[in-house]
Amino acid sequence: MDLITVREVRTPTTRAELRFGPGELPLGGGTWLYSEPQPGLTGLVDLTTLGWAPLEVVGDVLSIAATCTLAELTRLPAEPGWAAHPLVRQCAESLLASFKIWNTATVGGNVATSLPAGAMTSLLSTLDAVAVVWTPDGGERREPVVELVTGVRENTLRHGEVLRSLEVPLGSLRSRTGFRRVALSPLGRSGTLVTSRTAPDGEWVLTVTAGTTRPEQLRFDEVPGERALADALARVDTWYDDPHGAPDWRRHVSALFAHELRAEALSPAPTPPARPFVHRPGPARSAGTPTRGGTA
Ligand SMILES: Cc1cc2nc3c(=O)[nH]c(=O)nc-3n(C[C@H](O)[C@H](O)[C@H](O)COP(=O)(O)OP(=O)(O)OC[C@H]3O[C@@H](n4cnc5c(N)ncnc54)[C@H](O)[C@@H]3O)c2cc1C
């Protein structure tokens, strides 16, 4: 859609050039911004020209640039011990989108849009990610993603603040995770998305998104009993009501999923598949010879 009130799209290459006048907003992939009228919008500041590396391991965190696209995120290589790795694709595929959106929408744009069905919010909340926010005075602040998103299209970002990156503790990636999602139609927006994460120290974290107006997280020192889980779920009161599901249905299926995930967490962890043996062609073979996969 043409945004007919936009007069200027700026393309900064340094932080010093990153500033926002009244009526100006950050531009990530533009998949939400260009999908509906934006009354009062006079300018866009394109974050993708800042050239941030999409994915970097820095110390004990995986740093995901806000401008990392969904497609780039799904290409995150699985390191040994990253039991949570499958959750990345499970969440990315929960965002119902064409290949155009998949290749353009950014992780930061998804969190900043703050829709209940924000699949990157689901992923990052589950993994205890911390948002690094650049403030207009040249400083930065940090806030857990689970707290940054506060409601439907609501978050703690103020005008002029920019999500710079999302930091995932490597310990979270070493956790065992579980995933359940339902939508009213096969290609529909998520009605509810429930994840679980068993941390290496035994802590059990249940996260509900899409079914609630903001991420809801229940934390237990260990996998809880049925009763303790039911009691904690009964205290959740933010069930979302929109054409993608009624609140009572969302509450019911979320609880069903939560109990399934609890049982799953109590069962022995599946053995990771053996590393596939890949035959590497020797120098005598032509460069075009395909390699064959097999089991060792
Ligand atoms: C067909 C279709 C299906 C969709 N399905 C879903 C879905 O299932 N779930 C869902 O959540 N969304 C969905 N969307 C909405 C949207 O595509 C996604 O939320 C997407 O991830 C937004 O990312 P973006 O980079 O394109 O954001 P943009 O459109 O660039 O920006 C969105 C908002 O975030 C702000 N913003 C962007 N980057 C930053 C940043 N780094 N710091 C601060 N603010 C920033 C912008 O100013 C704007 O307000 C869908 C859209 C379409 C068209």
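**Entry 1: helix H8**

I looked up what the buried residues of H8 pack against, and found strand S13 (204–209), strand S14 (216–220) and H9. The model is predicted, and I read every contact below with that in mind. H8 spans residues 226–234, and its buried residues are Leu229, Ala232 and Leu233. Viewed down the axis of H8, these buried residues fall within an arc of 100 degrees, so they line one face of the helix. I then checked the face turned away from the buried side, where Arg227 and Ala234 are exposed.

**Entry 2: serine 254 in H9**

Since H9 came up as a packing partner of H8, I picked a residue in it. Serine 254 belongs to helix H9, residues 247–266. Is serine 254 buried or exposed? Serine 254 counts as buried because its relative accessibility is 0%, and the cut-off for buried is under 20%. With residues up to four places away in sequence not counted, I listed Thr192, Val194, Val208 and Trp239 as what serine 254 touches.

**Entry 3: helix H2**

I moved on to H2, residues 85–92, and noted His85, Leu87, Val88, Cys91 and Ala92 as buried. Seen down the axis of H2, the buried residues fall within an arc of 155 degrees, so they too line one face of their helix. Which elements do the buried residues of H2 pack against? I found three helices, H1 (70–74), H3 (99–104) and H5 (119–126), and two strands, S11 (176–183) and S12 (190–198).

**Entry 4: leucine 95, after H2**

I followed the chain into the loop between H2 and H3, where leucine 95 lies. Leucine 95 has 16% relative accessibility and therefore counts as buried. Leaving aside neighbours within four places in sequence, I recorded contacts of leucine 95 with Leu70, Ile101, Asn110 and Ala119. For the pair leucine 95 and leucine 70, 25 residues apart along the chain, I noted a C-alpha separation of 9.5 Å.

**Entry 5: tryptophan 102 in H3**

I found tryptophan 102 in helix H3. At 18% relative accessibility tryptophan 102 counts as buried. Not counting residues up to four places away in sequence, tryptophan 102 touches Thr69, Leu70, Ala71, Thr74, Arg89, Ala92, Glu93 and Ala97. Leu70 is thus on my contact list for leucine 95 and on the one for tryptophan 102. Ala92, on the latter list, is one of the buried residues of H2. I also looked up tryptophan 204, which is 102 residues from tryptophan 102 along the chain, and the two C-alpha atoms are separated by 31 Å.

**Entry 6: the largest pocket**

I then turned to the largest pocket, which holds about 1000 Å³ of space. Of its 43 lining residues, I noted Trp32, Gly109, Ala112, Thr113 and Arg153 as the closest to its centre. Strand S2 (24–27), helix H4 (107–113) and strand S10 (162–169) each give two or more residues to the lining. Which element gives the largest share of the lining? It is H4, with five residues. I sorted the lining by class and got 19 nonpolar, 18 polar and six charged residues.

**Entry 7: confidence**

Last, I checked the pLDDT, which has a mean of 91 for the protein, with 91% of the residues at 70 or more. Over residues 275–296 the pLDDT is below 50, and I noted 13 contacts in the model for this stretch beyond near neighbours in sequence.

Technical notes
Residues are numbered from 1 along each chain as its sequence is written. This is a predicted model: local features need pLDDT of at least 70, side-chain atom pairs count only at pLDDT 80 or more; totals for chains, interfaces and linings use all residues. Side-chain values use heavy atoms; hydrogens and water are left out. Buried means under 20% relative accessible area, exposed over 50%, partly exposed in between (1.4 Å probe, protein chains only). Helices (H or I, at least four residues) and strands (E, at least two) are DSSP runs, numbered from the N terminus. The arc is that of the directions from the helix axis to the C-beta atoms. Contact means heavy atoms within 4.5 Å. On a 1 Å grid over the protein atoms alone, a cavity is a set of points where a 1.4 Å probe fits but cannot get out, and a pocket is an open set with protein on both sides within 12 Å along at least five of seven lines; lining residues have an atom within 4 Å of a point. Grid points are joined across faces, edges and corners, and a volume is the space filled by probe spheres set on the points. Ala, Val, Leu, Ile, Met, Phe, Trp, Tyr, Cys and Pro count as nonpolar, Asp, Glu, Lys and Arg as charged, and the others, Gly among them, as polar. pLDDT is the predictor's confidence in each residue, from 0 to 100.
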